[in-house]
Amino acid sequence: PWTVHTKDLTIGPWDCAGLTPAKCCQLIQEDMPNPDDIGNFLACFVEEPVGSEKNPEKDDRAITVVDADIVIVRAPIAH
C-alpha cells in the first residue's frame, strides 16, 4: 500500500488508453502528488517495446520473467 499521513491508500490502476507515455505519467503524478510516509514519490519510466526504433533488438541481451521470489519462471528470450 501507499501510506500517506499514516493512512494506507490504494493506488492505480490508471486508464492511459489513448495517452502518450508523457501524458500518462502526468496523469499518474497528478493523481498521487504527495510522497509516501518515507519520502518516496511515484515516478515514471517509459520502456519502449523491444524491436521498436528506440529499442532495437540486440543479440547481446535476454529478457526473463521472474516471480515474486525473483525465480525465473519462463525461459529467457533473446532480444
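Is Asn55 buried or exposed? The model is a predicted one, and in this model Asn55 is buried, with a relative accessible area of 14%. That value falls under the 20% limit, so the residue counts as buried. Asn55 belongs to the loop between H1 and S3. Setting aside residues up to four places away in sequence, Asn55 touches Glu48, Pro49, Val50 and Arg61.

One of these contacts, Val50, leads to the surface. Val50 forms a nonpolar surface patch together with Ile63 and Ile77, and the accessible area of the three together is about 220 Å². Ile63 sits in strand S3, which covers residues 62–63. The relative accessible area of Ile63 is 37%, which makes this residue partly exposed. Partly exposed residues lie between the 20% and 50% limits, and a patch takes residues with over 30% relative accessible area, so the value of 37% for Ile63 fits both descriptions.

After S3 comes the loop that runs to strand S4 (77–78), and Thr64 lies in this loop. Thr64 is also partly exposed, at 37% relative accessibility. Apart from its neighbours within four places in sequence, Thr64 is in contact with Ile72 and Pro76. From Thr64 to Asp8 the separation is 56 residues in sequence and 32 Å in space, taken from C-alpha to C-alpha.

The interior can be followed next. The largest nonpolar core has 7 residues: Trp2, Val4, Cys16, Cys24, Ile28, Met32 and Leu42. Two elements, strand S1 (2–4) and helix H1 (21–31), give two or more residues each to this core. One core member, Cys24, touches Cys16 and Leu19 when residues up to four places away in sequence are not counted. Cys16 is itself listed in the core.

Which residues of H1 are buried? They are Cys24, Cys25 and Ile28. Around the helix axis these residues cover an arc of only 100°, so they lie on the same side of H1. Ala22 and Glu30, on the other side of the helix, are exposed. Cys24 and Ile28 also appear in the core list. Another residue of helix H1 is Gln26. Gln26 has a relative accessible area of 37% and is partly exposed. Gln26 and Ala43 are 17 residues apart in sequence, and their C-alpha atoms are 9.7 Å apart in space.

Beyond H1, the loop between H1 and S3 also holds Cys44. Cys44 counts as partly exposed, because its relative accessibility is 35%. Leaving aside neighbours within four places in sequence, the contacts of Cys44 are Cys25 and Gln29. Of these, Cys25 is one of the buried residues of H1. Cys44 and Ile11 are 33 residues apart along the chain, with 14 Å between their C-alpha atoms.

The backbone near the start of the chain deserves a separate look. What is the phi value of His5? Phi of His5 is near 55°, a positive value in a residue other than glycine. Thr6 also has a positive phi, near 65°, and is likewise a residue other than glycine. His5 is found in the loop between S1 and S2, and Thr6 lies in the loop between S1 and S2 as well. His5 is exposed, with a relative accessible area of 64%. Thr6 has a relative accessible area of 70% and is exposed too. Both values exceed the 50% limit, so both residues are classed as exposed. The C-alpha atom of His5 is separated by 26 Å from that of Cys24, which is 19 residues away along the chain.

Further along, a cis peptide bond joins Gly12 and Pro13, with omega at about -10°. Pro13 has its place in the loop between strand S2 (7–9) and H1.

Definitions and conventions
Residues are numbered from 1 along each chain as its sequence is written. This is a predicted model: local features need pLDDT of at least 70, side-chain atom pairs count only at pLDDT 80 or more; totals for chains, interfaces and linings use all residues. Side-chain values use heavy atoms; hydrogens and water are left out. A nonpolar core is a set of buried Ala, Val, Leu, Ile, Met, Phe, Trp, Tyr and Cys residues joined through side-chain atoms within 4.5 Å. Buried means under 20% relative accessible area, exposed over 50%, partly exposed in between (1.4 Å probe, protein chains only). Helices (H or I, at least four residues) and strands (E, at least two) are DSSP runs, numbered from the N terminus. Contact means heavy atoms within 4.5 Å. Patches are made of residues with over 30% relative accessible area and no salt bridge: like charges are joined within 9 Å, nonpolar side chains (Val, Leu, Ile, Met, Phe, Trp, Tyr) within 5 Å. Accessible areas come from the Shrake-Rupley method with a 1.4 Å probe; for residues, only the protein chains shown count as cover. A salt bridge is a side-chain nitrogen of Lys or Arg within 4 Å of a carboxyl oxygen of Asp or Glu. The arc is that of the directions from the helix axis to the C-beta atoms.
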